[in-house]
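Q: I'm new to this one, so could you walk me through a single part of it up close? Take your time and keep it casual.

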Amino acid sequence: MLLRVRPFPSFPPLSTSRFSASTHATTAASSPTTPAPPPPPQPAPPLVETALFIPPGVAQDEVSMDMVLPGSNIVIGPYAGDAKVKSVEFVKSSAKAKDCPRDPLGRPEFAVLGRSNVGKSSLINSLVRKKEVALTSKKPGKTQLINHFLINKSWYLVDLPGYGFAHAPRSAKTDWSAFTKGYFLNRDSLVSALLLVDSSVPPQQIDLDCANWLGRNNIGFTFVFTKCDKVRASKGKRSDDNLKKFQDLISDHYQEPPPWIMTSSVTGLGRDDLLLHMSQLRNYWDQEVV
Ligand code: GDP
């Protein structure tokens, strides 16, 4: 039984609206003054009728479909800005949360986490366009490290240890928070977490547990679905079903669902859009929160 968590944390202040992409698109296309043309072929139905993530600075009634990032529920608002990654510097590996770098400038950071093998290293490398920035240890029992990378000398990307190793003892599978919890509960400069979810496998309880823990602790996060190139590529595997099931679970458990976005480190799907989304959270944080 899943825990019912509080609505998405109040930072950044969120509102969501029930929104059917297909209904909206149909309404926008019809015109009262011209005779109705023959109906065009029906587009594929949206992956799921979803609730939108409306960022700070956008009123719910201003939202139109062209403001929604493709393959996501994320509306882009006025805080979105330059999202290009121009430089990346490795700063530090920390074996304990308390050893994480303290930035005198208070530059904001995003933490990336997910199950082992979810595609975390690949996504980080794709975001910064470097082949081997993130090299995580794949074996349970190896030292787990928190890795800080400084992007454009202005914000941090933080690579957190993976959780739920397939061959680890149960305690190591579920106790992700023993190490990572300390980080989340003591990181004033954290803007948001990116919680990676593998779209090529059915929803996993451990991912939902992780999301619920973040929600209960008022830590804002974005669901980042990885390996979405497999959605159509894998016949019979039905990764699109996995996404839909996961999104149904999200809408069952959140009154105001967190933002989500589909990505692939193989095709680059969602890469620039995710960076744009991060830019609006970051700029809001820079301008309004600190
Ligand atoms: P990590 O353990 O979470 O850091 O995962 P990795 O980035 O090492 O990826 C685990 C496996 O998934 C590797 O075999 C990757 O090649 C594969 N993988 C990662 N991202 C993608 C993706 O976007 N699409 C596909 N098809 N495979 C991926």
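How many residues of the shell around the ligand are nonpolar, polar and charged?

A: Two are nonpolar, seven polar and six charged. Here Ala, Val, Leu, Ile, Met, Phe, Trp, Tyr, Cys and Pro count as nonpolar, Asp, Glu, Lys and Arg as charged, and the others, Gly among them, as polar. Before going on: this is a predicted model, where local features need pLDDT of at least 70 and side-chain atom pairs 80 or more, while totals for chains, interfaces and linings use all residues. Residues are numbered from 1 along each chain, and side-chain values use heavy atoms, with hydrogens and water left out.

Of the 15 residues around the ligand (a heavy atom within 4 Å of it), Lys120, Ser121, Ser122, Asp229 and Ser265 come nearest. Now for some N or O pairs within 3.5 Å. A side-chain N or O atom of Asp229 sits 2.7 Å from a ligand nitrogen. Ligand oxygen turns up 2.9 Å from a backbone N or O atom of Asn117, and 3.0 Å from a polar backbone atom of Gly119. On its own the ligand exposes 580 Å², and the protein buries 74% of that (Shrake-Rupley method, 1.4 Å probe).

Helix 2 (residues 120-128) gives the shell its largest share, three residues; helices are DSSP runs of H or I, at least four residues, numbered from the N terminus. Helix 2 also meets helix 8 (heavy atoms within 4.5 Å): Leu123, Ser126 and Leu127 face Arg271, Leu274 and Leu275. That contact has four nonpolar, one polar and one charged residues.

Definitions and conventions
Polar contact = N/O pair within 3.5 Å; in protein donor to acceptor, adjacent residues only side chain to side chain. Helix = DSSP H or I, 4+ residues; strand = E, 2+ residues; numbered from the N terminus.
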